[in-house]
Amino acid sequence: NAMAQGAGLVLATQALEQKAGVRVLLCDKAGDIAVVGADLPRLKPRDVTTQQMLQGLIKAGAKVEVCALYLPNTGKQPSDLIPGVTPAKPADVAAHLLKPGVNSLAF
């Protein structure tokens, strides 16, 4: 849901501000927040959508991807994604997760 996604994005933003590298993998309904023109609720207290939060993360240097299953199962194309979001390569994501010192949070 939007609040859980928003909470994850807030934590990712805080991690970036504390100089951590942040990589976001959006799967299933979470991928929808990366679609151009998505109709998303505005979250208090900042009155922003999860897509606006995601765009802030991208501008701050986070790597953002949709999972490999998202595009083919939603009928969308890479061009349907907001700038800065790309389709993930599973082998690359797995290799990243296996690196020492990488922490994973799921929302």
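Helices (H or I, at least four residues) and strands (E, at least two) are DSSP runs, numbered from the N terminus. The model here is a predicted one, in which local features need pLDDT of at least 70 and side-chain atom pairs count only at pLDDT 80 or more, while totals for chains, interfaces and linings use all residues. Residues are numbered from 1 along each chain as its sequence is written, and side-chain values use heavy atoms, with hydrogens and water left out.

Two loops have something to show in their backbones. Lysine 19 sits in the loop between H1 and S1, and its phi is near 70°, a positive value in a residue other than glycine. In the loop between S1 and H2 there is proline 45, and the peptide bond that leads to proline 45 from lysine 44 is cis, with omega near 10°. Most residues other than glycine have a negative phi, and most peptide bonds are trans.

Next come the helices H1 and H2. They pack at an angle of about 20°, with their axes 10 Å apart (axes are lines fitted to C-alpha atoms, for helices over the stretch in contact, and angles run from 0 to 180 degrees between N-to-C directions). H1 and H2 are therefore roughly parallel to each other, a label for angles under 35 degrees. On the H1 side, the contact (heavy atoms within 4.5 Å) includes Ala2, Gln5, Gly6 and Leu9; on the H2 side it is made by Thr50, Met53, Leu54 and Leu57. Sorted by class, this contact has eight nonpolar, four polar and no charged residues (Ala, Val, Leu, Ile, Met, Phe, Trp, Tyr, Cys and Pro count as nonpolar, Asp, Glu, Lys and Arg as charged, and the others, Gly among them, as polar).

Then there are the pockets. On a 1 Å grid over the protein atoms alone, a pocket is an open set of points where a 1.4 Å probe fits, with protein on both sides within 12 Å along at least five of seven lines, and lining residues have an atom within 4 Å of a point. The largest pocket has a volume (the space filled by probe spheres set on the points) of about 890 Å³. Its lining takes in 27 residues, with Arg23, Val24, Leu25, Ser104 and Leu105 nearest the centre. H1 gives the largest share, seven residues, and the whole lining splits into 19 nonpolar, six polar and two charged.

The second largest pocket holds about 270 Å³ of space. Here, too, H1 supplies the largest share of the lining, eight residues.

Definitions and conventions. Angles under 35 degrees count as roughly parallel, over 145 as roughly antiparallel, 65 to 115 as roughly perpendicular and the rest as oblique.
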